[in-house]
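Reader: Please take me through this chain, from its strands to its overall dimensions. Short answers will do.

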Amino acid sequence: MTDNKVHPTAIVDPNSKIGANVEIGSFSIVGPRVTIGEKTTVQSHVVIEGEVAIGHGNFIGHGAIIGVPPQDVSFSPERKTKVEIGDDNIIREYCTIHRGSPDGSATRIGDKNFLMTGSHVGHNCVIGNNVLIANNCLLAGHVSVGDGAFLGGGSTFHQFMPIGRLVMVQGSSAFGKDLPPFVVAAERNSVFGLNIIGLRRAGVSEKDRDEIKAAFKLIYLSGLNTSQALKKAEAMAFGGPAREFLDFVAGSKKRGICPFKRGPGDDVSV
């Protein structure tokens, strides 16, 4: 642990693997099967246990808990499960990230994500890159979150639901149905339009934005049912991002996608 700053009250198991220039704060606990990459900061009262691999350049705030057993009544302690965290993530105070539940499985978090205070990432969640999860969000087991999504504070997400790329979720919302990429979602299982500003900021071209709008209108505003709309889309010349939206809808499981709801004054954000 050359060039590391480990507070004398921290308990770091000698079998753990700690990279260079890592800082570990007071009263933190690092277990024997933990790997922490270089230039990572672990603040005070953090618990990292079980098999956990953390990349380089991460920041882990006071009181965060990573790698503890999942909140799954079927889980048995002999299962070999883990947490994998990439590079340059910010994980703020009191976040909880639980390891996988099925034997051999993992909870995975990519790169450059921002998990704000008190957010919970349940077992077997898969978080992409550049995702922002605001304060006190709750992700149940097996939730997947696409790149660039923004999950508003205090929102809750049902187990096994996918959240598409560049989704924007309003705070204090709740979801149990699938959220297609690029949408703005709020309240309970409601889609209100497209994340136009997010698409622009992500560098999605005007042509692709127009095609996404056309695909959205076909699914949500054409008066066709989902099967009919997808059938019609097969004959249309859509590019990659619009096809990403349509493929997500086509692959949605039995709970289906969140339905459309018009905003005040019947506004539609597309």
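**Strands, a buried leucine and the whole chain**

Author: This is a predicted model. To start with one strand pair, Ile65 has Thr96 of β14 as its bridge partner.

Reader: How many bridges pair β11 with strand β14?

Author: Strand β14 covers residues 96-98 and pairs with β11 in the parallel sense. Ile65 and Thr96 are bridge partners in this pairing. The number of bridges is three.

Reader: Which residue in β11 stands opposite Ile48?

Author: Strand β8 (residues 47-48) runs parallel to strand β11 (residues 65-68), and two bridges join them. Opposite Ile48 in β11 stands Ile66.

Reader: Which are the edge strands of the open sheet of eight strands?

Author: The sheet has parallel pairing and the order β3-β6-β9-β12-β15-β18-β21-β24. An edge strand pairs on one side only. That description fits β3 (17-18) and β24 (162-163).

Reader: Within that sheet, what is the bridge partner of Ile127 in β21?

Author: Strand β18 (residues 126-127) and strand β21 (residues 144-145) run parallel and are joined by two bridges. The partner of Ile127 is Val145.

Reader: Is Leu139 buried or exposed?

Author: Leu139 lies in strand β20, which spans residues 138-139. A residue counts as buried under 20% relative accessible area. Leu139 has a relative accessibility of 0%, so it is buried.

Reader: Which residues is Leu139 in contact with, leaving aside neighbours within four places in sequence?

Author: Ile127 and Val145, the bridge partners from β18 and β21, are both among the contacts of Leu139. The list also includes His120, Val121, Gly122 and Cys125. The remaining names are Ile133, Leu151 and Phe157.

Reader: What separates the C-alpha atoms of Leu139 and Met161?

Author: Along the chain, Leu139 and Met161 are 22 residues apart. In space, their C-alpha atoms are separated by 9.4 Å.

Reader: What is the radius of gyration of the chain, and why does it agree with a compact globule?

Author: The C-alpha atoms fill a box of roughly 65 × 40 × 35 Å along the principal axes. For 270 residues, a compact globule would have a radius of gyration near 18 Å, so the chain agrees with its value of 20 Å.

Reader: What share of the 270 residues in the chain is buried?

Author: The chain exposes about 12500 Å², with 52% of that area supplied by carbon and sulfur atoms. The buried share of its residues is 50%.

Reader: How far apart are the mean positions of the positive and negative charges?

Author: The chain has 28 positive and 26 negative charges. Their mean positions are separated by 6 Å.

Key:
Residues numbered from 1 in each chain as written. Predicted model: local features only at pLDDT ≥ 70, side-chain atom pairs only at ≥ 80, totals over all residues. Heavy atoms only, no water. Pairing = 2+ DSSP bridges. Helix = DSSP H or I, 4+ residues; strand = E, 2+ residues; numbered from the N terminus. Rg over C-alpha atoms; globule rule 2.2 N^0.38 Å. Buried < 20%, exposed > 50% of the residue type's maximum accessible area, 1.4 Å probe, protein only. Areas by Shrake-Rupley, 256 points an atom, 1.4 Å probe, with all protein chains shown as cover. Lys, Arg positive; Asp, Glu negative; His and termini not counted. Charge placed at Lys NZ, Arg CZ, Asp CG, Glu CD. Contact = heavy atoms within 4.5 Å.
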